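User: Please take a close look at one packing region of this model and walk me through what surrounds it. I would like one connected account, with the cut-offs given as you go.

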Amino acid sequence: MVDTRTRPSLLYMVKQVELVVRSHLDELVKPAGITALQYTALTVLERHDGLSAAQLARDSFVTAQSMADLVRSLEGRGLVRRERNPRNRRELLILLTDTGRELLDRFAGPVRDLEERMIHDLTPHQAEQFRQALSKAWHALS
């Protein structure tokens, strides 16, 4: 029987992975003048363009206030734009600009390389199991 007191908890290990990935991602996108959090928001918009700030904040794992600041910064750099929701004129939607798409295209390869480096010692089957386990863990807590 394994003594669970001598090994780190899964929560601790997930946090370690998150922090090291964020650190590497920050270094990777730093030449573009953006942070890992800004990059994450851009990738969310790449998958689901035209989100409200509240939805983008939820999908990017930041607070609404942090997202407001983040969007202002990205908008100032020409990476996103805001426009009125035609179905609800009081709501602004955030959309990726062509410049934002070009930035994501430029970093797609290096980010993919970072992910490959993270799972280098896993077989393709193990990598898929890892992906599924992370998804199940996320759904269990959401």
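Analyst: **Helix α2 and its partners**

Let's start with the contact itself: on the α1 side, R22, L25, D26 and V29 meet A36, L37 and Y39 of α2, where contact means heavy atoms within 4.5 Å. Helices (H or I, at least four residues) and strands (E, at least two) are DSSP runs, numbered from the N terminus. Please keep in mind that this is a predicted model, in which local features need pLDDT of at least 70 and side-chain atom pairs count only at pLDDT 80 or more, while totals for chains, interfaces and linings use all residues. Residues are numbered from 1 along each chain as its sequence is written, and side-chain values use heavy atoms, with hydrogens and water left out.

How do these helices sit relative to each other? The axes of α1 (residues 10-29) and α2 come within 8 Å and cross at roughly 85°; axes are lines fitted to C-alpha atoms, for helices over the stretch in contact, with angles from 0 to 180 degrees between N-to-C directions. That crossing makes α1 roughly perpendicular to α2 (65 to 115 degrees; under 35 is roughly parallel, over 145 roughly antiparallel, the rest oblique). Sorted by class, the contact of α1 with α2 holds five nonpolar residues, no polar ones and two charged ones. Here Ala, Val, Leu, Ile, Met, Phe, Trp, Tyr, Cys and Pro count as nonpolar, Asp, Glu, Lys and Arg as charged, and the others, Gly among them, as polar.

Helix α2 (residues 36-47) also packs with α4 (residues 64-76), at an angle of about 80° and with the axes 11 Å apart. These helices, α2 and α4, are therefore roughly perpendicular to each other as well. L37, Q38, A41 and L42 of α2 make this contact with M67, L70, S73 and L74 of α4. The class tally for α2 with α4 is six nonpolar, two polar and no charged residues. L37 thus turns up on the α2 side towards α1 and again on the α2 side towards α4.

Now for some individual residues of α2. Q38 is found in this helix and counts as buried, at 10% relative accessibility (buried is under 20% relative accessible area, exposed over 50% and partly exposed in between, with a 1.4 Å probe and protein chains only). Once neighbours within four places in sequence are set aside, Q38 is in contact with G33, L70, S73 and L74. Of those partners, L70, S73 and L74 belong to the α4 side of the packing described above. The Q38 side chain also has a polar atom 2.8 Å from the backbone nitrogen of T35.

T43 lies in α2 too and counts as buried at 14% relative accessibility. Its side chain reaches the backbone oxygen of T40 at 2.7 Å. Such a polar contact is a pair of N or O atoms within 3.5 Å; within protein, one must be able to donate a hydrogen and the other to accept it, and residues adjacent in sequence count only if both atoms are side-chain atoms.

Charged pairs can be followed outward from here. The count comes to seven salt bridges, each a side-chain nitrogen of Lys or Arg within 4 Å of a carboxyl oxygen of Asp or Glu. Among them, E27 pairs with K30, with the closest N and O atoms 3.4 Å apart, and both E27 and K30 are exposed. R81 and E83 form another, with closest N and O atoms 2.3 Å apart. In that pair R81 is partly exposed, with a relative accessible area of 38%, and E83 is partly exposed at 36%. R131 bridges to E115, with closest N and O atoms 3.3 Å apart. Because R131 lies in helix α6 (residues 124-141) and E115 in helix α5 (residues 98-118), that pair ties together parts that are 16 residues apart in sequence. E115 counts as partly exposed at 36% relative accessibility.

For the wider setting, the protein chain has six helices and three strands, running α-α-β-α-α-β-β-α-α from the N terminus on. Its C-alpha atoms fill a box of roughly 60 × 30 × 25 Å along the principal axes. As a span within that box, the C-alpha atoms of A54 and R7 are separated by 38 Å, although these residues are 47 apart along the chain. A54 is found in helix α3 (residues 53-60) and is partly exposed, with a relative accessible area of 39%. Of the 142 residues of the protein chain, 27% count as buried, Q38 and T43 being among the buried residues. Among contacts in the protein chain with a separation of 6 or more, residues 24 or more positions apart account for 47%.
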